[in-house]
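The following account leads the reader through a single protein chain, from a pocket to its charged pairs and then to some isolated positions. Please keep the sequence and the coordinates at hand while reading.

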Amino acid sequence: MRKIQTQGVHHITLNGADRQSSIDFWEGVLGMPFVFDQPNLDNPGEGHLYFDPGDGRLITIFTNEARKPDATPVPEAVGSLHHLAFAVSQASFWQIAARLDARGVKHSGPKDRGFMDSIYFRDPLGLRIELASYRFEPPEGCRHADVMIEAHKIRVARGDHHIDREHLADAIEALVERGQRSLSGDRTAKNPY
C-alpha cells in the first residue's frame with residue numbers, strides 16, 4: 001500500500017447563489033480577479049466561475065440564477081467546513097476592519113495568533129472567511145511551512161504554549177544558519193560595540 005502525494009491545493013469549489021452576487025463578493029470585496037467562466041459541466045443549469053485568490057490557484061463558484069444569497073451561517077458540524085482562509089499582506093491586513101465597516105459587515109476585529117494576525121467575517125452566503133497575514137517572511141529558499149516546523153520545534157523544546165514572534169525569529173535564524181553558507185568559522189552572536 002502506498003500513499004498518494006499531493007503537491008498543493010489545486011482549487012476549491014463552493015456552491016454560490018446567482019452569478020452577479022458571486023462576482024460582487026469574490027472580486028468586488030476580496031479583489032480576486034474573475035479569470036474564467038463556463039457552464040458547470042456536471043449540471044448544465046449552473047454556471048462555473050473561476051477566481052484567482054492571488055497565488056495562481058483557483059477558487060471556483062457554482063452559480064444558479066434561481067438561488068439568492070442567504071446569510072444564515074453555514075452549519076459547522078463534524079465533517080463540514082469551519083472557515084476558508086486567505087492570505088493578505090500586513091499592509092492590507094490593517095485596512096480590513098475599516099473596509100468591512102464601510103460595507104456594514106460584522107467582523108471579529110484583528111486577532112493575535114502569535115505567528116499571524118487574523119480577522120473573521122461571513123460572506124453573503126454565511127460562510128466564515130478568515131483573512132490571515134503572516135508576521136514573517138521566510139528566508140530565501142524556504143517556505144512558510146519550513147519556518148513553522150522549526151518554530152514549533154523551538155516552542156515545544158522551551159515548553160511554551162504557542163508559537164510567537166520570538167520562536168519565529170529564532171526559527172528564521174536557524175534556517176539561515178543551516179541553509180546559507182558563510183566564510184566565517186564562528187557564526188555565533190557578537191557585540192562589536
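Is Ala-85 buried, partly exposed or exposed? Ala-85 is partly exposed, with a relative accessible area of 42%; here buried means under 20% relative accessible area, exposed means over 50%, and partly exposed lies in between, with a 1.4 Å probe and protein chains only. The model is a predicted one, in which local features need pLDDT of at least 70 and side-chain atom pairs count only at pLDDT 80 or more, while totals for chains, interfaces and linings use all residues. Residues are numbered from 1 along each chain as its sequence is written, and side-chain values use heavy atoms, with hydrogens and water left out.

Ala-85 belongs to strand β5; helices (H or I, at least four residues) and strands (E, at least two) are DSSP runs numbered from the N terminus. Between Ala-85 and Ala-66 there are 28 Å from C-alpha to C-alpha, although the two are 19 residues apart in sequence. Ala-85 also leads to the largest pocket, as it is one of the residues that lie nearest the pocket centre, together with Asp-55, Phe-86, Ala-87 and Tyr-134.

The lining of the largest pocket comprises 25 residues, and its volume is about 720 Å³. On a 1 Å grid over the protein atoms alone, a pocket is an open set of points where a 1.4 Å probe fits, with protein on both sides within 12 Å along at least five of seven lines; lining residues have an atom within 4 Å of a point. Grid points are joined across faces, edges and corners, and the volume is the space filled by probe spheres set on the points. At least two lining residues come from each of β1 (11–15), β4 (58–63), β5 (84–87), β8 (128–134) and α4.

Helix α4 spans residues 144–158 and contains Arg-155. What charged partner does the side chain of Arg-155 have nearby? Arg-155 is buried yet has no salt bridge, and the nearest side chain of opposite charge, that of Asp-160, is 7.6 Å away. A salt bridge is a side-chain nitrogen of Lys or Arg within 4 Å of a carboxyl oxygen of Asp or Glu; for charge, Lys and Arg count as positive and Asp and Glu as negative, whereas His and the chain ends are not counted. The backbone of Asp-160 is another matter: its oxygen lies 2.8 Å from a polar atom of the Arg-155 side chain. Beyond neighbours within four places in sequence, Arg-155 is in contact (heavy atoms within 4.5 Å) with Asp-160, His-161, His-162, Ile-163 and His-167.

Glu-150 is also placed in helix α4. Glu-150 counts as buried because its relative accessibility is 11%. The side chain of Glu-150 meets that of Arg-178 in a salt bridge, at 2.7 Å from N to O. Since Arg-178 lies in helix α5 (residues 165–179) and Glu-150 in helix α4, the pair ties together parts that are 28 residues apart in sequence. Unlike buried Glu-150, Arg-178 is exposed, at a relative accessible area of 57%. Leaving out residues up to four places away in sequence, Glu-150 touches Ala-171, Ala-174 and Leu-175 as well as Arg-178.

The whole structure holds 11 salt bridges. Among them is the pair of Arg-158 and Glu-166, at 3.5 Å from N to O; Arg-158 is partly exposed at 40% and Glu-166 is exposed at 54%. Lys-190 and Asp-186 form another, at 3.2 Å, with Lys-190 exposed at 53% and Asp-186 partly exposed at 42%. Shared partners also join Glu-76, Arg-122 and Arg-128 into one network of salt bridges.

Two of these arginines reappear around Pro-73, which sits in the loop between β4 and β5. Pro-73 is partly exposed, with 46% relative accessibility. Pro-73 is in contact with Arg-122 and Gly-126, neighbours within four places in sequence being left aside. The C-alpha atoms of Pro-73 and Arg-128 are 7.6 Å apart, with the two positions 55 residues apart in sequence numbering.

The segment before β1 contains His-10, which is exposed at 62% relative accessibility. Its C-alpha atom is separated by 9.4 Å from that of Gly-56, 46 residues apart along the chain. His-10 touches Arg-57 and Leu-58, not counting residues up to four places away in sequence.

Conventions: Polar contact = N/O pair within 3.5 Å; in protein donor to acceptor, adjacent residues only side chain to side chain.
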